[in-house]
Amino acid sequence: MALLEIKNLHAKVGDREILKGISLSVDPGEVHAIMGPNGSGKSTLAQVLAGRELYVVTGGEVVYDGKDLLAMAPEDRAREGIFLAFQYPVEIPGVSNMYFLKAALNTIRKHRGLEEYDAMDFLNLVREKMKLMEMDQALLNRPVNTGFSGGEKKRNEIFQMAVLEPKLAILDETDSGLDIDALRTVASGVNALRSPDRSMIVVTHYQRLLNYIVPDFVHVLSQGKIVKSGGKELALELEESGYAGLGIEDEEEVARA
Amino acid sequence: MTAVSEQTGQWLEEFTNQKPFDTPAREELRRAAFSRFLEMGFPTTHNEEWRFTNVAPIARRHFQRQLWEPKVELPAGVERLPEHEYRNWLVGEQHPFVALNSAFMLHVVMLRVPRGAVIQEPIRISNYACQNAGDPPVVHPRIVIVVGAGAHCTIVETYAGTGTYFTNAVTEIVAGDRAVVDHYKLQRESLEAFHVATLQAQLGRSTNFSTHNISLGAALARNDVGAVLAEGSEATLNGLYIAGGTQHVDNHTVIDHAMPHGTSHELYKGILDGKAEAVFNGRIIVRKDAQKTDSKQTNKNLVLSDNAVINTKPELQILADDVRCTHGATIGQLDAEAMFYLQSRGIGKGDARSLLTYAFAQDVVDRIKVQSLRDSLERVLFEKFHEHSEQ
């Protein structure tokens, strides 16, 4: 059975329809890349799956792990194993990274019927995961994402993912704003988390990230619909001919014209 | 509106019946104060200083006077001055409630920190009021602290109680040259109480003074905080006010840069829920001689409900030309992006709200240097926001 089954999903923000009938099936352990030009709806799809209220679902359904995903609050989706790595991680002054992550982890563990971690267990876990992401431990005591560089923020997202161990990770343009070294670190962190019982949806504009995180499937999104699906070679094809080669224009430009 | 004479009538009767002080000078002060109070009466909302705070619930009520009996903890090295030495220190009787305090206070806590003494432990003055049978009580706390040149001390005032009562407090701090004085007031009065408090500080040359005004309780709270700076002195006025239900909290501050090279920092933060109303009025005066003044004022408000009201107003009176004064006020809601971020990590909506609300208050709490006070405040805030999140 598929872990995630999206059927004919429609969503809008304000009066503007952004997703216009998306269907996608993700099995356990699979990595799906969603590619597309700016404004095609990639990030909207990621946010809708995580439960952002800004977007209103106007049609279709999403079944996750046998449950109606769209009926669940964002926190319940997270507790059930969905994780969104944000394109723009939010700065939260006044809340320490450590406190935040421990609260998140223990809520999720409690939900899964596992014992909550005490400070010691938590610290040990966190040390190990930070090593994986080559992160400075000092970041733990800082407020969430506050004053972090672009690269630190993205690492922090994948670090959180490593700690929370989701069943379905959605990576929203995790490569944006990263230099090549940071990209390698982030990608190797993600690859270390690949496992037969963890699926991933990797949203990206560029093929570059997919050299490091090699997907099982690639889908091309245009104007709120998947216009082409294929294997990892589709990404290479796109790299060569660009979105224009598929007859797709940059949709923000179109909207502006 | 009730005539001023009716509202002051009960006070007149009580004043006339009270036993005179033994010291004629002190009795004279008291009489002068009372006649000032009679002239002014209780302020109405026509008075600019009281425009957003209606004290009719106090003025209309009959209170019975109660002896003020605080718990006073004095660290070694702090001296208690005899009460008969009391004279008019800092506060003029321009404020009706200060005049009322001067007219009705039964005793003063007068303390002196000797020149050069460095007192580590805080001076604690803890107040607890409670309503018994009959009319609700009124207490008029009066504190005078004289800090000698170069001395260091910390003062913690706390106010708490049960039932309906009226606290009308006045604190005067005279800090000598180069003294370092940290003052804290934690107001956790009962939610049926009235709390009116005036703090006035006079700073010497190169004196460093800070006050942290934490306002959590009372149905109606009004704080007047004033500091007059001398040459090169530094004043920090921080405040945190949290109000819900139908609470009303009003903070009026006046920073008076009377001499050159003074520095002042002011940070007041408010969290409002329910139908609460808050007022922040921050006046900064830079007098003609006060060149090279550096002053910064910030007021930030977090409004959690559609029915809460905040009136915030900076009042800058700058008469010198070579100064730097900045001010800013914000009124905002919880950040929707931050809420979603926390929820997307499994943290429930209620917990996310309380976490962000707590975070908003954090920088004022972090500035509290007395560990025990900070700990107890953190506990109180944690419970308070948790309670909110359950709704």
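**Exercise 1.** Which residue in β5(A) does Val63(A) stand opposite? Place the pair in its sheet.

Solution. The model is a predicted one.
- Step 1: Opposite Val63(A), in β5(A), stands Asp68(A).
- Step 2: Strand β4 of chain A, residues 56-64, is joined to β5(A) by 2 bridges, and the two run antiparallel.
- Step 3: The open sheet of 4 strands in chain A has the order β2-β1-β4-β5, with antiparallel pairing.
- Step 4: At the edges of this sheet stand β2 (16-26) and β5 (67-68) of chain A; each has a single partner strand, so one side of each lacks a neighbour in the sheet.
- Step 5: Helix α1(A) packs on the sheet and touches β1 (4-13), β2 and β4 of chain A. The direction of α1(A) makes about 70° with that of β2(A).

**Exercise 2.** Give the strand order of the open sheet formed by 6 strands of chain A, and identify its edges.

Solution.
- Step 1: The order is β6-β9-β10-β3-β11-β12 in chain A, and the pairing is mixed.
- Step 2: β6 (82-85) and β12 (225-230) of chain A are the edge strands; each has a single partner strand, so one side of each is left without a neighbour in the sheet.
- Step 3: On average, neighbouring strands of this sheet are turned by 20° against each other, direction ignored.
- Step 4: Towards the β12(A) edge, β11 of chain A (residues 217-222) is joined to β12(A) by 5 bridges, and these strands run antiparallel. His219(A) has Ser229(A) of β12(A) as its bridge partner.

**Exercise 3.** Determine which strands of this sheet are touched by helices α1 and α5 of chain A.

Solution.
- Step 1: Helix α1 of chain A, residues 42-50, packs on the sheet and touches β3 (31-35), β6, β9 (168-172), β10 (199-204) and β11 of chain A. The direction of α1(A) makes about 145° with that of β9(A).
- Step 2: Helix α5 of chain A, residues 150-164, also packs on the sheet, touching β6 and β9 of chain A. The direction of α5(A) makes about 165° with that of β6(A).

**Exercise 4.** Describe the side of chain A that touches chain B.

Solution.
- Step 1: The contact involves 20 residues of chain A and 16 residues of chain B.
- Step 2: On the chain A side, the elements giving two or more residues are α2 (74-79), β7 (92-96), α3 (97-111) and α5 of chain A.
- Step 3: By type, the chain A residues divide into 14 nonpolar, 3 polar and 3 charged.
- Step 4: For confidence, the predictor gives the complex an ipTM of 0.95 and a pTM of 0.88. Chain B has an average pLDDT of 93, with 97% of its residues scoring at least 70.

Terms used. Residues are numbered from 1 along each chain as its sequence is written. Chains are lettered from A and ligands numbered from 1 in the order in which they are written. This is a predicted model: local features need pLDDT of at least 70, side-chain atom pairs count only at pLDDT 80 or more; totals for chains, interfaces and linings use all residues. Two strands pair if DSSP finds at least two bridges between them. Axes are lines fitted to C-alpha atoms, for helices over the stretch in contact, and angles run from 0 to 180 degrees between N-to-C directions. Two residues are in contact if their C-beta atoms, placed from the backbone, lie within 7 Å. Ala, Val, Leu, Ile, Met, Phe, Trp, Tyr, Cys and Pro count as nonpolar, Asp, Glu, Lys and Arg as charged, and the others, Gly among them, as polar. pLDDT is the predictor's confidence in each residue, from 0 to 100.
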